Amino acid sequence: MPREDESVEAMEIDGQHQQAAITAVPDGFNVDYLRIYYGKLFPYGDFFKWLSYGNDGKHPGCDQSYVGRREFSFTLENDIYLRFQSFDSVSEMESSIKEKCPFKIDIGPPAKRHAYAQSGNNVFVPVERELIFDIDISDYDDVRYCCSGADVCMDCWPLMTIAIKILDASLRDDFGFNHILWVYSGRRGVHCWACYPPFRLNNEQRAAIADYFRVYKGGENAMKKVSLTGHVLHPFLARAYTNVLKCFFEDKLLLSQQLFASEERYQKILDLIPDENVASELHNKWQGNRRSSISKEDANATRWEQLKSTLQSGKHKGLRRCIEEIVFSYSYPRLDMEVSKHMNHLLKAPFCIHPKTGRVCVPIDPDNCDDFDPTTVPTLSQDIVSATIAESLQGGIRKLIQCKAPAVQEYLDLVKFTVTFQLFLPA
Amino acid sequence: MEIVRSHRQLAAEAASGVGGGGSAGGLPTYRVAPQLEVRLEEFELFAIDRLRVLKGIADGLSRGKRPEEMEKLVKELWKAHMRHQDPAETLNKDIISHFVLRLVYCRTEELRKWFLSMETTLFRYRFRLESLESQRMLMSEFQLPYKALPHSEFEAVKDKLSQVARTIGQSATVESVFFKVPFEEVPDLVACRRVFLSKGYAYVAMSQVVSLVVTQFRCNISKALVLTNRKWTSTIKEQEKDRLTPIVEALSNAYFGPDYSQLRENHHLKHGGRMQFGLFLKGAGLKLEDALAFWRAEFSQKVGSERFDKEYAYSIRHNYGKEGKRTDYTPYSCQKIISATPGVGDHHGCPYRHFGEENLRAALNKMGTSGHSLEEIMDKVKNRHYQLACTMTFEAAHGVSCDTGINHPNQYFSESQKVLKAKNQAVESQATT
């Protein structure tokens with residue numbers, strides 16, 4: 001193992017040298033870097049403050065046992081899994097993480113009794129828990145053509161962005177949540193932690209919220225997975241459509257995914273139309289002008305317009321809802337219902353490092369989620385380098401901001417994410 | 001806080017006063033068994049009247065009546081069978097009859113299901129007929145202490161409420177009474193997007209509140225039935241075997257599960273059946289109170305179908321001069337009964353003669369005959385020795401011999417009585433049903 005740390009420390013703050021040093025550092029995930037990350041960068045204080053929910057203070061209402069009853073689980077090197085970890089203080093948490101150097105940290109609910117008392121066959125009784133959501137872009141594989149599986153790019157990532165927008169707005173406006181944390185999962189999705197003091201939502205209530213959000217009913221055999229009944233849409237769905245989905249679908253997704261560009265692709269959309277005559281009418285029309293000189297871009301927009309006007313015309317009254325159904329099918333958020341329904345689900349902690357990508361699981365600011373680009377999220381190695389560089393700079397934060405060196409900018413990015421986290425913290 | 005009401009509802013309120021007979025308590029919720037003294041006679045009669053209401057409801061449902069029609073039907077049934085001039089008496093009867101029927105209908109899964117379904121329906125429509133004030137009191141009792149929406153707030157969200165109404169297939173004219181409820185209290189409505197949500201509150205329409213109330217009611221009764229069954233099986237049945245148990249067991253035969261079509265046919269008992277039946281009772285010379293317990297234990301099952309029992313008490317009252325005119329008839333002998341020709345829909349006659357083989361076997365099974373004795377009895381029937389068959393049934397059911405043979409229903413009865421009395425006095429109980 002080359003001694004990069006030495007060479008880094010010896011480096012001067014000089015553009016040329018910096019660049020060279022960075023390229024010499026291998027990317028991705030490794031244990032040594034992880035150790036340094038936990039040593040210097042993991043925000044223990046804020047993290048602990050979050051999970052205390054005000055119980056770490058000295059005022060009379062504090063429940064001193066509160067944080068200690070929260071379960072954590074660590075996944076160590078070689079897939080060793082430790083459950084029922086708990087900490088009564090931030091220093092205890094810090095030393096445990098630094099010592100064990102977990103590849104993954106999961107957060108569970110606070111239990112009735114101290115977490116470490118639960119090991120073995122004892123029944124673990126969760127008392128309360130944040131409302132959590134897990135959205136994974138691989139669940140959209142049937143509607144994205146640019147990537148599949150674990151891959152993600154800026155053509156399909158916006159599906160996550162709009163999921164954040166729709167759910168965040170609804171959690172605040174409909175359900176009255178005030179403290180909502182969105183976190184990049186490190187590879188291909190996002191997590192949401194909605195804190196509803198005193199968040200004693202039981203499983204039934206959680207399931208109700210998840211069902212409220214559910215529109216897409218997947219399954220291999222169902223051809224049509226979105227069914228919007230009723231003369232009008234529920235205000236929540238109407239808002240989602242008008243404010244987010246319609247323009248996203250028409251302005252972005254149509255083109256980025258080339259939804260009408262080939263017969264295979266537009267047939268998938270035509271399959272969502274319940275009237276076979278209409279579907280085949282459109283199919284024949286488009287097959288007809290396959291060899292025309294219309295550019296691909298125009299084809300997508302044109303065909304969509306044609307589909308809309310056909311369905312909206314007077315003679316197909318029953319099909320009006322169909323347009324919304326298509327839009328919802330392709331773009332409306334798809335949640336993992338099981339994660340949200342059960343109180344005892346363990347979810348990955350923010351600021352972990354994703355073992356496969358080396359990226360930090362950073363918070364996402366929902367008000368600026370359009371700017372979030374998963375391909376530029378700081379990686380472990382970059383973090384180490386930039387942090388070390390930044391540390392050696394004299395003059396504090398102002399000097400950092402002035403410094404144009406990329407490594408420093410990356411460090412500042414990380415700081416920005418930390419600030420996002422701090423803004424989320426309940427006061 | 002103002003309650004938003006439409007002009008229509010105010011008028012309805014003024015005209016009403018129905019449901020709980022206008023009593024201050026309104027609709028009882030049957031949470032606690034009453035600490036009342038009940039006469040044995042009332043025990044059964046009240047239950048039978050309530051059973052009439054429940055069966056009327058079952059009939060209405062099976063005919064597919066719409067909610068407005070059901071509401072009307074319930075009102076009429078209640079008035080016809082349960083109302084008393086004195087509202088306190090009505091309430092009394094209401095509560096007592098419910099608890100008696102609980103005993104009756106707790107004993108099997110099928111009975112519980114039916115009772116639960118009918119009582120819930122009854123409650124639903126009685127709730128709808130209550131005044132708004134009474135409904136709100138009931139809501140509190142069910143721990144649904146919702147605050148009605150002030151007018152100004154209602155106006156602000158009216159469009160959204162209308163939108164929600166339309167998504168769930170209701171008319172655009174929105175209901176006028178809404179409640180603002182923390183969303184976590186109405187998870188079912190949230191899950192199906194049947195409510196408008198804002199800042200953590202769900203806007204629940206009155207009709208939806210009715211559903212919530214009824215759901216709670218149903219849940220409470222369901223649990224209560226299971227507990228009652230346990231208590232019945234473990235203690236009451238044995239304790240009351242000479243008093244209430246026979247009545248309870250007979251009452252449950254008055255309705256045979258979800259067999260609605262049979263019920264529909266038997267809304268009235270034809271003349272022939274009434275005569276034979278009613279006269280027998282009179283001939284038995286039993287006072288009303290005594291007749292109930294013993295007769296029900298033995299003879300009703302023999303004579304035949306459960307439908308008979310439905311008219312039982314009415315007929316008794318008729319025969320004892322409580323209803324209509326009195327006529328001095330002689331009870332029919334076996335010969336006369338056997339020679340009768342019951343037509344379609346009739347329920348008189350001699351079961352040995354007039355029942356189909358399957359029905360007769362079932363009836364005899366119920367009386368406790370089986371195996372060898374049952375085959376012997378059926379053999380006699382095939383050879384048209386009906387009275388002999390009856391005698392053998394008597395012997396099998398009671399475990400004693402009947403040397404004189406049976407030639408009159410009243411005789412069967414009085415012999416039965418003798419046996420029962422003897423049994424009660426005996427130290428050991430004979431092996432019977």
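## Strand S8 and the four-stranded sheet

In this predicted model, Trp182(A) stands opposite Ile364(A), a residue of strand S8(A). Trp182(A) belongs to strand S5 of chain A, residues 179-184, and S5(A) pairs with S8(A) in the antiparallel sense over two bridges. The two strands are part of an open sheet of four strands in chain A, whose order is S4-S6-S5-S8 and whose pairing is antiparallel. The edges of this sheet are strand S4 (131-136) and strand S8 (363-364) of chain A, each of which pairs on one side only. In general, the strands of a sheet are joined by backbone hydrogen bonds, in either a parallel or an antiparallel arrangement.

## Chain A as a whole

Chain A contains 16 helices and eight strands. Of its 427 residues, 54% are buried. When contacts in chain A are restricted to residues at least 6 apart in sequence, 68% of them join residues at least 24 apart.

## Strands S1, S2, S3 and S7

Strand S1 of chain A spans residues 70-75, and six of its six residues are buried, so the strand is largely enclosed by the rest of the structure. The side chains alternate in direction: Arg70(A), Phe72(A) and Phe74(A) point one way from S1(A), while Glu71(A), Ser73(A) and Thr75(A) point the other way. Both sets are buried, and they include the charged residues Arg70(A) and Glu71(A).

S1(A) has two pairing partners described here. With strand S2 of chain A (residues 81-85), S1(A) runs antiparallel, and three bridges join the two. Within this pairing, Phe74(A) has Leu82(A) of S2(A) as its bridge partner. S1(A) and S2(A) form a hairpin with five residues between them, and Asn78(A) in the turn has a positive phi of about 65°.

The other partner of S1(A) is strand S3 of chain A (residues 104-110), with antiparallel pairing over five bridges. Ser73(A) stands opposite Asp106(A) in S3(A), and Arg70(A) stands opposite Pro110(A) in S3(A). S3(A) is itself mostly covered, with six of its seven residues buried. S3(A) also pairs with strand S7 of chain A (residues 347-348), antiparallel and over two bridges. Asp106(A) takes part in this pairing as well, its bridge partner in S7(A) being Lys348(A). Asp106(A) is therefore placed between Ser73(A) of S1(A) and Lys348(A) of S7(A) in terms of bridge partners.

## The buried residue Gln257(A)

Gln257(A) lies in the loop between H8 and helix H9 (263-270) of chain A. How buried or exposed is Gln257(A)? Its relative accessible area is 1%, under the 20% limit, and Gln257(A) is therefore classed as buried.

A polar atom of the side chain of Gln257(A) lies 3.4 Å from the backbone nitrogen of Cys146(A). Apart from neighbours within four places in sequence, the residues in contact with Gln257(A) are Val143(A), Arg144(A), Tyr145(A), Cys146(A), Asp155(A), Cys156(A) and Arg265(A).

## The interface of chains A and B

The extent of an interface is often expressed as the accessible area that is lost when the parts come together. Between chain A and chain B, the buried area is about 1,900 Å², and carbon and sulfur atoms give 61% of it. Val232(A), His234(A) and Pro235(A) supply 27% of the area that chain A buries against chain B, more than any other three residues. The contact takes 26 residues from chain A and 19 residues from chain B.

Which residues form the salt bridge between the chains? Asp173(A) forms it with Lys199(B), and the closest N and O atoms are 3.5 Å apart. The count between chain A and chain B is one salt bridge. Eight residue pairs are in polar contact across the interface, both residues of each pair being at pLDDT 80 or more. On the side of chain A that touches chain B, helix H6 (158-173), helix H7 (203-213) and helix H8 (235-256) of chain A each supply at least two residues. H7(A) gives the most to this side, with seven residues. By residue class, the side of chain A that touches chain B has 14 nonpolar, six polar and six charged residues.

Definitions and conventions. Residues are numbered from 1 along each chain as its sequence is written. Chains are lettered from A and ligands numbered from 1 in the order in which they are written. This is a predicted model: local features need pLDDT of at least 70, side-chain atom pairs count only at pLDDT 80 or more; totals for chains, interfaces and linings use all residues. Side-chain values use heavy atoms; hydrogens and water are left out. Contact means heavy atoms within 4.5 Å. Buried area is the accessible area (1.4 Å probe) that two parts lose on being put together, summed over both. A salt bridge is a side-chain nitrogen of Lys or Arg within 4 Å of a carboxyl oxygen of Asp or Glu. A polar contact is a pair of N or O atoms within 3.5 Å; within protein, one must be able to donate a hydrogen and the other to accept it, and residues adjacent in sequence count only if both atoms are side-chain atoms. Buried means under 20% relative accessible area, exposed over 50%, partly exposed in between (1.4 Å probe, protein chains only).
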